[in-house]
Amino acid sequence: MINRLRFLLIVLFCVAPLPVCAQLTGSIRGVVRANPTLVGLPYAVVAIPSRNLERFSGADGAYLLTNVPAGDHQLQVRRIGFVPRTLTVRVEAGGVTTLDIHLDQVPVRLAGMIVNPVQPCRRPGLPDSAANPEVWQLVASLRENAATYRSLVNQHPFSYAQARAFGQLVDTIAELRGIDSIVVPGTAEDNYRPGRIVSTSRSGLARETVMRIPTIVELASRSFVSNHCYTYGGSAAFGNETWYRLDMRAADRLGSPDVH
């Protein structure tokens, strides 16, 4: 009797789930808009981190998340230049939840900032949002750019050409000997290591010194931020655009070359 009962349970379990499971997910769709104009925002990142789901909004701000498990989820929406938002959304099994999201533009208050001379970096890390709100805002924008780039690489892998310059030290003077290019795959990985920008190795009898420039993902990583100080370097207008300069200085405690 016991063996027969187990057999019946197994048969029911194997046959029933296929049509049932198909109804346990739903979709979320809508438009990401800017306040107060309500213009659609393209390339906003709409994500459910707990489910590792994220998509870009289209050219008109429209987005669509499919195969979302039924239930309540934390929906995060980010767009460069706008204040991120986190909302709770309920997904019904087999249904489509419509949710338009309005984002507020980050206020620009940098024109009146005082530019200070470069100081030693004795207290690296994120700027104080209360004492230096403008510098904190620039660092936050840098990190938001990095997060968007990471999403882009994960969804749309690509490669790019990188130029390399080769030289040789002759009587303490660096002489350029050649330039070539290599194909580098786009990556969202953080390979920054404090104080390890320059590495030295031997190739035969020659000693090779290589300087590795961090990518935007690494410039905004937790490890990089905790080992650098940030200051405002001024702004300049180019046509209809305003460019802001963010200076970063490696911590004094690092005993080997790093990024300034």
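**Fold, disulfide and pocket of the predicted chain**

Ala93 is located in the loop between β6 (85–91) and β7, where helices (H or I, at least four residues) and strands (E, at least two) are DSSP runs, numbered from the N terminus. Ala93 is partly exposed because its relative accessibility is 42%; buried means under 20% relative accessible area, exposed over 50%, and partly exposed in between (1.4 Å probe, protein chains only). The C-alpha atoms of Ala93 and Gly26 are 5.1 Å apart in space, with the two positions 67 residues apart in sequence.

The model is predicted, so local features need pLDDT of at least 70 and side-chain atom pairs count only at pLDDT 80 or more, while totals for chains, interfaces and linings use all residues. Residues are numbered from 1 along each chain as its sequence is written, and side-chain values use heavy atoms, with hydrogens and water left out.

The protein chain has a mean pLDDT of 83, and 87% of its residues reach 70 or more; pLDDT is the predictor's confidence in each residue, from 0 to 100. Among the elements, the lowest mean pLDDT (40) belongs to helix α1 (residues 2–15) and the highest (95) to strand β7 (residues 96–98). Over residues 1–22 pLDDT stays under 50, and for this stretch the model has 1 contact beyond four places in sequence, a contact being heavy atoms within 4.5 Å.

The chain contains 5 helices and 14 strands. Of its 260 residues, 30% count as buried. Among contacts with a separation of 6 or more, 56% come from residues 24 or more positions apart.

Strand β4 (residues 62–69) holds Val68. Val68 counts as buried because its relative accessibility is 0%. Leaving aside residues up to four places away in sequence, Val68 touches Leu24, Thr25, Gly26, Ile28, Ile48, Leu53, His73 and Val91. One of these, Gly26, is 42 residues from Val68 along the chain, and the C-alpha atoms of the two are separated by 5.2 Å. Asn67 also lies in strand β4, but with 58% relative accessibility Asn67 counts as exposed. The phi angle of Asn67 is near 55°, a positive value in a residue other than glycine.

Arg55 is placed in strand β3 (residues 53–56) and is partly exposed, with a relative accessible area of 37%. With residues up to four places away in sequence not counted, Arg55 touches Ala44, Val45, Val46, Leu64, Leu65 and Gln155. Arg55 and Gln155 are 100 residues apart in sequence, and their C-alpha atoms are 8.1 Å apart in space.

Two backbone features fall in the loop between β1 (25–35) and β2 (45–48), which contains Pro36 and Tyr43. The peptide bond from Asn35 to Pro36 is cis, with omega near -5°. Tyr43 has phi near 60°, a positive value in a residue other than glycine, and is exposed, with a relative accessible area of 58%.

A disulfide, taken as a pair of cysteine sulfur atoms within 2.5 Å, occurs once by this rule. Cys121 is joined to Cys229 with an S to S distance of 2.1 Å. The link of Cys121 and Cys229 is right-handed, with 85° about the S-S bond. The pair connects distant parts of the chain, 108 residues apart: Cys121 is in the loop between β8 (101–104) and α3 (133–155), and Cys229 is in strand β13 (residues 228–238). Cys121 is buried because its relative accessibility is 1%, and Cys229 is buried with a relative accessible area of 17%.

Pockets were sought on a 1 Å grid over the protein atoms alone, a pocket being an open set of points where a 1.4 Å probe fits, with protein on both sides within 12 Å along at least five of seven lines, and lining residues having an atom within 4 Å of a point. The largest pocket has a volume of about 1100 Å³, the volume being the space filled by probe spheres set on the points, which are joined across faces, edges and corners. This pocket is lined by 26 residues, of which Arg164, Ala165, Thr209, Val210 and Met211 are the closest to its centre. The elements that give two or more residues to the lining are β9 (159–170), β10 (173–185) and β12 (206–211). The most comes from β9, with 9 residues. By class, the lining has 13 nonpolar, 7 polar and 6 charged residues, where Ala, Val, Leu, Ile, Met, Phe, Trp, Tyr, Cys and Pro count as nonpolar, Asp, Glu, Lys and Arg as charged, and the others, Gly among them, as polar.
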